[in-house]
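Me: I would like to go through this structure slowly and ask, for each term, why it applies here. Could you set each value against its definition before drawing a conclusion?

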Amino acid sequence: MREIRLHDTLTGDRVRLLPREPGKVGIYVCGPTVYARVHVGNARPFVVFALLKRFLEHEGLEVTLVENITDVNDKIYDAAGAAGVPSGELAQTMTAHYVEDIDRLGLGRPDHRPRAAETIEAIVDLIQALIDSEHAYAARGDVYFRVGSFEGYGKLSNRPREEMAQGEGDDAAELKESPADFALWKARKEGEDTAWAAPWGEGRPGWHIECSAMAEGLLGTDFEIHGGGSDLVFPHHENEIAQTEAARGRPLARIWMHNGMVQMGDEKMAKSVGNISLLHGALDGHGRDTLVMYFVTGHWRQPLAFSGDALAAAGQAVERIRELCRRLDGEAPDPEGIDGYVERFFDELADDFNTPAARAVLSDWITEANRRLDAGERLGPGRLGEMLYALGLEGLLEAADCGEAEPEAARLLAERETARAARDFDGADRMRDELAALGYEVRDGPEGPRLVRRG
């Protein structure tokens with residue numbers, strides 16, 4: 001297995017991935033808050049960590065991927081009130097939409113997808129542990145984390161204390177011992193239609209404690225990788241670190257990975273800004289292969305521009321791979337002498353999961369394969385499928401290997417050849433068009449015509 005290094009936000013360095021238990025890796029990724037349909041930017045962390053799991057499994061590791069659903073949150077209460085529906089119903093509807101939309105990316109599902117509303121008991125227990133250790137205090141039904149009690153607060157974001165406003169609203173100011181303290185539990189407010197019982201009063205959990213409890217419940221503490229968007233460094237992940245370490249005396253995670261934001265223009269794609277492209281609309285308009293290729297064109301840590309030009313370039317890259325796959329012969333020998341490209345490809349992924357660099361190596365492999373094919377050599381796919389699978393694009397090779405054509409397509413091809421032999425070119429064109437309607441393209445070569453199923 002290669003030595004795998006990943007950039008860790010906490011240390012600011014690339015660190016070696018060292019599993020807590022040999023051969024096993026746990027990844028927790030902060031998923032969506034389900035108050036509206038997700039946009040392309042919401043999908044980036046899912047894609048990054050779904051593909052990271054594929055790579056780690058390729059390297060022989062057993063990976064448990066957890067992506068939560070935040071279904072208890074102020075944004076959900078507000079959106080449900082505006083829509084005139086119960087908050088639980090809105091959360092359930094948007095969760096179903098999220099799963100449907102993300103499934104269309106074809107990258108598989110997480111091993112676990114916990115929901116905050118199903119984790120209340122564990123959340124309450126974790127808050128009680130913080131109160132018992134005097135890291136938290138109750139105030140009129142709310143519970144707040146006492147930031148001054150945790151010496152390491154701020155070590156993830158490296159912000160000065162005066163720039164650590166929690167953004168929880170002025171209504172909580174009089175209840176806090178310090179403005180930097182953050183809510184672990186919020187007392188039920190007028191108009192909120194969902195609440196749970198707790199020793200300090202009826203209410204609901206704060207956002208940050210939800211993830212600490214869900215992550216610990218499925219992966220324990222000191223697990224390998226905690227991921228999410230760079231917009232979560234502060235306050236969300238800063239607060240997760242503080243509350244878990246304060247309660248358990250152990251780190252929550254070993255490596256903190258934060259993907260860059262998807263941007264439209266000069267701003268990040270966000271519902272609050274209004275500059276969004278909904279994921280299901282982008283899939284309808286561009287297809288999953290183009291969208292997945294778009295995501296891997298940029299390094300996961302960097303911002304990623306969303307534009308027509310970026311999608312067009314991704315589409316062209318997909319078509320180049322698709323065209324090469326159509327030229328390969330599944331019954332031909334595997335190409336000799338180019339396995340070095342494949343090893344370089346995975347070496348690039350081992351070095352901070354550098355998908356753009358890996359894509360460049362894949363491009364070199366395609367160039368060499370095309371050169372050999374142009375010279376008349378018959379080539380099989382070799383290890384191409386390994387590389388495509390690591391990038392979520394294995395369907396390009398699978399679609400090219402269409403096997404036997406369906407009987408109707410075979411009949412039309414035979415009729416086309418009869419028409420061509422009789423110099424009935426209009427009839428041959430009609431057969432070609434009918435084949436296209438069935439999803440086939442006719443490729444004429446030295447060995448005669450063959451049918452290729454369109455990807």
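**Terms and values**

Me: His7 is found in strand β1. What makes a stretch of residues a strand or a helix here?

Reply: Strands (E, at least two residues) and helices (H or I, at least four residues) are DSSP runs, numbered from the N terminus. By this rule the protein has 15 helices and 15 strands. Please keep in mind that this is a predicted model, in which local features need pLDDT of at least 70 and side-chain atom pairs count only at pLDDT 80 or more, while totals for chains, interfaces and linings use all residues. Residues are numbered from 1 along each chain as its sequence is written, and side-chain values use heavy atoms, with hydrogens and water left out.

Me: Why is His7 called buried?

Reply: A residue is buried under 20% relative accessible area, exposed over 50% and partly exposed in between (1.4 Å probe, protein chains only). His7 has a relative accessible area of 17%, so by the cut-off of 20% it belongs with the buried residues. Leaving aside its neighbours within four places in sequence, His7 is in contact (heavy atoms within 4.5 Å) with residues including Gly12, Trp256, Trp300 and Asp352. Across the protein, buried residues make up 51% of the 455 residues.

Me: What makes β1 and β2 a pair?

Reply: Two strands pair if DSSP finds at least two bridges between them. Between β1 and strand β2 (residues 13–16) there are 4 bridges in the antiparallel sense, so the condition is met. One of these bridges joins Arg5 to its partner Arg16 in β2. The hairpin of β1 and β2 has 4 residues between the strands, and there Gly12 takes a positive phi near 80 degrees.

Me: Which strands are the edge strands of the sheet with the order β4-β3-β9-β10?

Reply: This is an open sheet of 4 strands with parallel pairing, and its edge strands are β4 (62–67) and β10 (253–259), each of which pairs on one side only. Strand β3 (residues 24–29) and β4 pair in the parallel sense over 6 bridges, among them those of Lys24 with Glu62 and of Val25 with Val63. Strand β3 is also mostly covered, since 5 of its 6 residues are buried.

Me: Why does β12 have a side without a neighbour in its sheet?

Reply: The open sheet of 3 strands has the order β12-β11-β13, with mixed pairing. Both β12 (267–268) and β13 (304–305) stand at the edges with a single partner strand, so one side of each is left without a neighbour in the sheet. The pairing of β11 (residues 262–264) with β12 is antiparallel, over 2 bridges, and in it Met264 stands opposite Glu267.

Me: What span does helix α10 reach, and what is expected?

Reply: The expected span is 1.5 Å times one less than the number of residues in the helix. Helix α10 (residues 339–350) has 12 residues and reaches 17 Å from its first C-alpha to its last, which is close to the expected 16 Å.

Me: Which residues of α10 are buried, and what puts them on the same side?

Reply: In α10 the buried residues are Val342, Phe345, Phe346, Leu349 and Ala350. They cover an arc (taken from the directions from the helix axis to the C-beta atoms) of only 140 degrees, which puts them on the same side of α10. An α-helix has 3.6 residues a turn, so residues three or four places apart point the same way. What covers the buried residues of α10 includes β1 (5–8), α1 (40–58), α11 (355–374) and α12 (384–390).

Me: Phe353 lies in the loop between α10 and α11; what is notable about its phi?

Reply: Most residues other than glycine have a negative phi, and most peptide bonds are trans. Phi of Phe353 is near 45 degrees, a positive value in a residue other than glycine, and at 2% relative accessibility Phe353 counts as buried. Asn158 is not a glycine either and has a positive phi of about 55 degrees, but Asn158 is exposed, with a relative accessible area of 59%. The peptide bond from Phe234 to Pro235 is cis, with omega near 5 degrees, and Pro235 is found in helix α6 (residues 233–248).
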